[in-house]
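Please look through the model shown below with some patience. The report that follows takes up aromatic side chains, strands and one helix in turn.

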Amino acid sequence: MRTVSLGVARRTALAAQGFADPRPDGPPTRRHLRRVLSRVQLIQLDSVNVAVRAHYAPLFARLGAYDPALVDDAAWAHSARKPRLLVEYWAHEASLVPVEDWPLLHSGAKPRGWWRGYERIADREPALVDDVLAVVKELGPIGAGAIERELTGPARRTPGAWWERSEVKKVCEWLFGIGQLTTGTRRGFERCYDLPERVLPPEVLARRVDAAEGARELVRRAATALGIATEPDLRDYYRLAPAASQRAVAELVEEGTLEPVRVRTWRHQAYRHVTARTPRAVAGRALLCPFDPLVWERDRTERLFGFRYRIEIYVPEHKRVHGYYVFPFLLDGELVARADLKADRAAGVLRVPGAFAEPGTDHARVAAELAAELTTMAEWLGLGGVAVGERGDLAPTLRRCLR
């Protein structure tokens, strides 16, 4: 078993995530979106919109300024000329995944999610389940609130039924979890439910995958996205059960897809995807949202970059160390700083309440590069400029760079 340095592991991981690919010279296209998807495999969704929705940020980090309709059209609109590329499901968390991965995620490889607790409602109120499906079939894509209004109207109410209105939403989520409903579109950020047969190609719905094959293929995709990783890293990418992940890793080692390696300073066994490349250097810069797949597993982020990162949304304001919604800043293959960001749309500026450099970094160079990337982000978001606050050791230099 060969041993690799931490620098090799880091560059391998960055290349796997698409950070060794040059940004497009012109406006990014669907071809560039496909390239990013071939690297990261999935895009996490999150409701927080303090700076930019989580599903738009990873593409900005890798492609630079692009039209967000590129993601919207791929996920929630389709035509004969532009078929749907992405579908929603619980992958890492709520995620957009390639439509062809739908059978893998419904193979039994993943343990049932938080929504499994709603099954008792479905068992107790089978008429409610039937009514929800009937409304979606007739009116979908449709939001849970609209379904509730339909079902509580006199024309719809099942004789004798008296469920709580909130149970409609729970049944929708349970049906989404077991694959009987999916997201047809979104209005704002509201999920509008539809039947899978109206969203996914028939050949995708017809494909049957057993749990072992599903776990193997999901671990294979995780290894492609991570480049080099421990088994828990691979398991976390799609939130697989430990036993299923461990068995899949062993099978992929046996078939030659994964190569066991040791990474200096890592305590646990690592695995390298045999097609992973390790560039001599990784150049360029990127702002990473808290849900970017490069940094979403905090222990791995610390092992790879020596960068301790925690999201502080749920921490009381007076106890936050760096801020509410903090973006790590990647520069030439290292995480060198972090910036707390807020898109102030009323004032038309991208606010940076705090900016913090990592120990040992060149403040002048880091601030200049961060200022340039923040300016690009502000323009991408349709904001007129960047306003830097007082918090953080990098803030004064960053303010000077932006004048």
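Phe327 has a relative accessible area of 0% in this predicted model, which places the residue under the 20% limit that separates buried residues from the rest, and Phe327 is therefore counted as buried. Tyr325 is likewise buried, because its relative accessibility is 0%. A pair of aromatic rings is described by the distance of the centres and the angle of the planes. For Tyr325 and Phe327 the centres are 5.6 Å apart and the planes stand at 70 degrees to each other, so that the pair counts as edge-to-face, given that this class begins over 60 degrees. The structure holds 10 aromatic pairs, and one aromatic cluster is made up of Phe60, Tyr66 and Trp380.

Aromatic rings also meet charged side chains here, and the table sets out two such cases.

| Charged residue | Ring | Distance to the ring centre |
|---|---|---|
| Arg53 | Phe189 | 4.3 Å |
| Arg191 | Phe176 | 3.9 Å |

In the first row, Arg53 lies over the face of Phe189, and in the second, Arg191 lies over the face of Phe176. Arg191 also has a place in the strand pairing, since this residue of strand 7 stands opposite Arg186. Strand 7, which covers residues 190–194, pairs with strand 6 in the antiparallel sense over 5 bridges. These two strands belong to an open sheet of 3 strands, in which the order is 5-7-6 and the pairing is antiparallel. Its edge strands, each of which pairs on one side only, are strand 5 (142–143) and strand 6 (182–187).

Which residues lie on the two sides of strand 10, and are they buried or exposed? On one side of this strand (residues 270–273) are Ala270 and Arg272, on the other are Tyr271 and His273, and all of them are buried, which leaves both faces covered. Strand 10 runs antiparallel to strand 8 (residues 228–230), to which it is joined by 3 bridges, and it also runs antiparallel to strand 9 (residues 258–263), to which it is joined by 4 bridges. Tyr271 takes part in both pairings: Ala229 stands opposite Tyr271, and Tyr271 is also the bridge partner of Pro260. Strand 9 and strand 10 form a hairpin with 6 residues between them, and in its turn Thr265 has a positive phi of about 85 degrees.

Why is strand 3 described as largely enclosed by the rest of the structure? The reason is that 5 of the 5 residues of this strand (residues 86–90) are buried. Leu86, Glu88 and Trp90 point one way from strand 3, whereas Val87 and Tyr89 point the other way, and all are buried. Strand 3 pairs with strand 4 (residues 94–98) in the antiparallel sense over 5 bridges, and within this pairing Val87 has Val97 in strand 4 as its bridge partner. The two strands are joined as a hairpin through 3 residues.

Strand 3 and strand 4 are also among the elements against which the buried residues of helix 4 pack, together with helix 2 (30–40), helix 3 (57–63) and strand 6. In helix 4 (residues 69–76), the buried residues are Leu70, Val71, Ala74, Ala75 and Trp76. An α-helix has 3.6 residues a turn, so residues three or four places apart point the same way. With that spacing in mind, a reader may go back to the model and trace Leu70, Val71, Ala74, Ala75 and Trp76, the buried residues of helix 4.

Definitions and conventions:
Residues numbered from 1 in each chain as written. Predicted model: local features only at pLDDT ≥ 70, side-chain atom pairs only at ≥ 80, totals over all residues. Heavy atoms only, no water. Pairing = 2+ DSSP bridges. Buried < 20%, exposed > 50% of the residue type's maximum accessible area, 1.4 Å probe, protein only. Contact = heavy atoms within 4.5 Å. Phe/Tyr/Trp six-rings, centres within 6.5 Å; stacked < 30°, edge-to-face > 60°. Lys NZ or Arg CZ within 6 Å of the ring centre and 35° of its normal.
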